[in-house]
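Reader: Hey, I'm new to this one. Can you walk me through the charged side chains once it's on screen?

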Amino acid sequence: MPTIAGPSSSPHKHIVAARSENTGGLEVNTPRKRKLRSDSAAEVASTAVVTERSFSTPMKWKSPRRCAVSSPSTLKEDVQEDSKGKLESAVISPVKDRFDCLDVKSKLNPRDDDQMKAVKEALHVSTAPSTVVCREDEQTRVLEFVKGCMEQKMAGSLYICGCPGTGKSLSMEKVKQQAEEWAKQEGLPSLETVSVNCTSLTKTTDIFSKILGESETGKKVNGSSSPLQQLQVLFSQKQQSSSTKMMLIIADEMDYLITRDRGVLHELFMLTTLPFSRCILIGVANAIDLADRFLPKLKSLNCKPLVVTFRAYSTEQILRILQERLVELPYVAFQSKALELCARKVSAASGDMRKALSVCRSALEILETEVKGSTDEEPQSPVTEDQVVKINHMVAALSKIFKSPVVDTIQSLPQHQQIIVCSAAKAFRGSKKDSSIAELNKLYLEICKSSVITPAGITEFCNMCTVLNDQGILKLSKARDDKLKRVSLRVDEADITFALKEIRFFRNCLL
């Protein structure tokens, strides 16, 4: 790389000096044609080669990456600058690369019903993408577990937990397809798959009849015994055929099976411990602490499941998933900054991908209403090129989605009641779902003390909790002594965070 010329170094002087040496020191002051800057730079470069770069060039230096990319015959992806200034193959961020791809597409026409319908379908929750991105590690762990059970013809159980909208159910569909394809390639018997959504069951015990009804082997079993007993008999007898299929049971929304004695949940997992069981049980639930509550009992029953946790999506992951859904469209519907704003806000509130899709669809509808309103006023107005979802549309959509009656109620509460709500949100994170009023009051006093706020007395504190109970924010149980009443949250923590995040005091408390 050429060195930068200093204030005292002049390439013209070097050239004159070089010419003087060639003429034996005789200086000739003849008028010469004025040289162009490019010619001067070329002469300096050639002279620098002779004198081993002893002097510098007057041409303004440009980055090798920029110079290479500016060439029409050089591809952007084929260029990269290493530490020595050489050019090698580039490593471009996939998210940024997709943004660059969107920028060169044609703009969306909000007046075209077909285009708007295509974008809305791409952003709909029911539209399954061709690939499930940002969940590769979790899918690999689940798939390897299923492969191991199929190869060894051994039953097993796995529990998948995570917040809503983190790709659990969608990932299970992909794992099911991959497992079937893998079994076909390896020449193993195909899987007998039973998928049950526990929210559709009338009774919790109906899951056993559902499994028995969809099982090919279970259809042959007759008797007056209960479905659970028939399954227990089925998996306690050795099968005659050596090519007996393994049964993959995917129980989605498993937390709906929780009963007072947890009998149904325990019996379901115990199916994998029977002598000739072929069950590969995968339970999916939103309750992160479900495994902590039931693992000790399941461990004692020798049916402790493997646990895989799906974390909430980060800003980068939400942004990438949105881009994966929009990249197939032949036109640009969203500004890059608008999508980034949506990803940041949703990841900060809950990390729920379904919420991000809902926000984007709402922003698209706001744009559509805006364009149609202007069309009604000016029927002959031409379609402008920048009619895409911008930041102002996304801000309006975010306010519409997250601004619920609960948020309005929390924002209108007096300060001390907001502190109580904030205390409850902190107290009930994780596995803890309720506490006594005395325990909540202790946390309330700590927040007041740290912020130099005069706290309310215990009697007034109990009265404020009663008011919050009447407004549907807290839930109080009955007890003779107010201090012994159990208190729990009736609202989502994300609504509390969204309602109070603009106030620095509460934002720091909720950290």
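**Salt bridges and burial**

Author: Sure, let's start with a pair. E138 is buried, and R135 is buried as well; buried means under 20% relative accessible area, exposed over 50%, and partly exposed in between, using a 1.4 Å probe and protein chains only. This is a predicted model, where local features need pLDDT of at least 70 and side-chain atom pairs count only at pLDDT 80 or more, while totals for chains, interfaces and linings use all residues. Residues are numbered from 1 along each chain as its sequence is written, and side-chain values use heavy atoms, leaving out hydrogens and water.

Reader: What do the side chains of E138 and R135 meet in?

Author: A salt bridge, at 3.7 Å from N to O. That term means a side-chain nitrogen of Lys or Arg within 4 Å of a carboxyl oxygen of Asp or Glu.

Reader: How many salt bridges does the structure hold?

Author: Eight. One of them joins the side chains of K120 and E368, at 2.9 Å from N to O.

Reader: Where do K120 and E368 sit in the chain?

Author: In distant parts, 248 residues apart: K120 is in helix α5 (residues 113-122) and E368 is in helix α14 (residues 353-377). Helices here are DSSP runs of H or I with at least four residues, numbered from the N terminus.

Reader: Are K120 and E368 buried or exposed?

Author: Both are buried. K120 and E368 are also linked with K372 in a network of salt bridges.

Reader: New topic: what about D352 and R354?

Author: Their side chains form a salt bridge too, at 3.7 Å from N to O. D352 is buried, because its relative accessible area is 12%, whereas R354, at 41%, is partly exposed.

Conventions:
Helices (H or I, at least four residues) and strands (E, at least two) are DSSP runs, numbered from the N terminus.
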